[in-house]
Every structure is written in C-alpha cells, then in structure tokens.
Amino acid sequence: MESIKVHDKTFVPYLKHEEILEITERVALEVYEEYKDEVPVFIGVLSGVIMFFSDFMKAYPGECEIGFIKMSSYVGTQSTGIVYKEMELTKDIKDRHIILFEDIVDTGNTIENLCTYFKETQRPKSLKIASLLLKPDVYKKEFEINFVGKEIPNKFVLGYGLDYDELGRNLKDLYQLEEGTINE
C-alpha cells in the first residue's frame, strides 16, 4: 500500500483489506453467538457502512433481516456536531432485536441521535450497536458500543466506505490522514 492523495490531503496506509475482513468476520461471529436463536434486524447507517455491512452479511452464518437509514454529520474531515436524517428507516422494527451498524463511531452524535430516535419512535425489543471502528478518546456518550471491530486513535480515516468530501469510499483498504497534514 502506498500513500494516496484525495482532494488536497495526503493519506497513508492504515489497514489492509485482508485485516479488515478478519475484523469483520470476528464481529459477525460475536453477533451470531448472541443472536443465533433469534432473527435480528441489522440496520445499516448509510453511506459509509456499505462495505462493512456487505462483508459482515457475507460472514454472518445465521438468519437475519436488514434495513437502512441515512444520516450525515460531516463536512470535509470535521464533524459538524449536527446530525441530519437524510433517509427514513426502510424497515418496521417494532418489537424486534435491532443491531445498528456504523462504519465508525467518533463523537457519538449520530449514535445518540439514532438511539433516541429508535427508542422513542420505533420501540424495538432490544437495541445494540456494532461499529467497524471506534475512537474511544473522543466517544463520550452514554450508549454502549456493543460490538467493536477495532479501536483507533483520533485520526481521520478514509477508504472501505469512509470518505473525504465524497471521495475514497471505493478504496478497499483503510488510510489515515498523514501526520503534519492540516486537519481542516
């Protein structure tokens, strides 16, 4: 893996695709162990989760249903602090076991918004959260991230569904913003 340039920023290699798949398969087995006697509903938070969600589904050995919702809170490499719901939930989840899937949890604003929304308006039987990546240094919300693929430092990452101003989602590997690059 070599460094890449996206827009005006340089990104260095962080995780190879093979490592990401190993992490994803581990998370799939952890979720299966908890829900093997159930038919949970997996809700993907678009757009960044699409690659993780797809690979997770391929690795999950049990029965399940899926749905999607679209939220956004980033402009460039910074969280706006405001979460926008861009697409309504595509599945009825009342009285169902729900696992929300995120590509990355950093500030937790999106998770907090989603958990409040689901508990107040959708009334699932249970609600848990799975995330490929977690930035524990900045996540300070009360909601537990139940299934974590990998904890990472508070650095901007790109690839495997994660973007920088809509570019880079299609990269199969993960890249990290190069040290010394101004994070604007």
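Begin by selecting C64 in this predicted model: with a relative accessibility of 25%, this cysteine counts as partly exposed, because the buried class ends under 20%. Then select C115, which is buried, with a relative accessible area of 2%. If you look for sulfur bridges while the cysteines are displayed, the count of disulfides comes to 0.

Now show the whole protein chain as a cartoon, where 3 helices and 10 strands can be found. Followed along the sequence, the elements run in the order β-β-α-β-α-β-β-β-α-β-β-β-β. Of the 184 residues in the protein chain, 47% are buried, and the chain exposes about 9100 Å², of which carbon and sulfur atoms supply 46%. Among the contacts with a separation of 6 or more, 66% are between residues 24 or more positions apart.

Next, select helix α3, residues 109-122, and check its length. At 1.5 Å a residue, its 14 residues should span 20 Å, and the end C-alpha atoms lie 19 Å apart, which agrees. The buried residues of α3 are N109, T110, I111, L114, C115, Y117, F118 and Q122. In considering how they are placed around the helix, it helps to recall that an α-helix has 3.6 residues a turn, so residues three or four places apart point the same way. Just after α3, stop at R123, which takes a positive phi of about 50°.

Move on to helix α1, residues 17-35, and select T24 within it. Is T24 buried or exposed? At a relative accessibility of 1%, T24 counts as buried. Leaving aside neighbours within four places in sequence, the contacts of T24 are F52, D55, F56, L132 and Y160.

From that list, keep F56 selected and turn to the aromatic rings, for which the count comes to 14 aromatic pairs. The rings of F56 and Y60 have centres 5.6 Å apart and planes at 25°, so this pair is stacked. Both partners are covered: F56 is buried with a relative accessible area of 0%, and Y60 is buried with 7%. For another geometry, return to Y117 and F118 in α3, where the ring centres are 5.3 Å apart and the planes are at 55°, so the pair is tilted. Y117 is buried at 15% relative accessible area, while F118 is buried at 0%. Displaying Y32, F42, F52, F53, F56, Y60, F68 and F101 together shows a cluster linked by ring pairs.

F101 leads into the interior, so to speak, and can be selected with its surroundings. Leaving aside neighbours within four places in sequence, F101 is in contact with F42, I43, G44, V45, V49, F52, F53, F56 and A130. The largest nonpolar core has 27 residues, and those with the most contacts inside it are V31, F42, F56, F101, L133 and L174. The elements giving two or more residues to this core are α1, β3 (41-46), α2 (50-59), β6 (97-105) and β7 (126-134), and the largest share, 6 residues, comes from α1.

As a last stop, select I69, L89, I93 and Y117, which are included in a second, separate core of 20 residues.

Notes:
Residues are numbered from 1 along each chain as its sequence is written. This is a predicted model: local features need pLDDT of at least 70, side-chain atom pairs count only at pLDDT 80 or more; totals for chains, interfaces and linings use all residues. Side-chain values use heavy atoms; hydrogens and water are left out. Helices (H or I, at least four residues) and strands (E, at least two) are DSSP runs, numbered from the N terminus. The expected span of a helix is 1.5 Å times one less than its number of residues. Buried means under 20% relative accessible area, exposed over 50%, partly exposed in between (1.4 Å probe, protein chains only). Contact means heavy atoms within 4.5 Å. A disulfide is a pair of cysteine sulfur atoms within 2.5 Å. Rings of Phe, Tyr and Trp (its six-membered ring) pair if their centres lie within 6.5 Å; planes under 30 degrees apart count as stacked, over 60 as edge-to-face and the rest as tilted. Accessible areas come from the Shrake-Rupley method with a 1.4 Å probe; for residues, only the protein chains shown count as cover. A nonpolar core is a set of buried Ala, Val, Leu, Ile, Met, Phe, Trp, Tyr and Cys residues joined through side-chain atoms within 4.5 Å.
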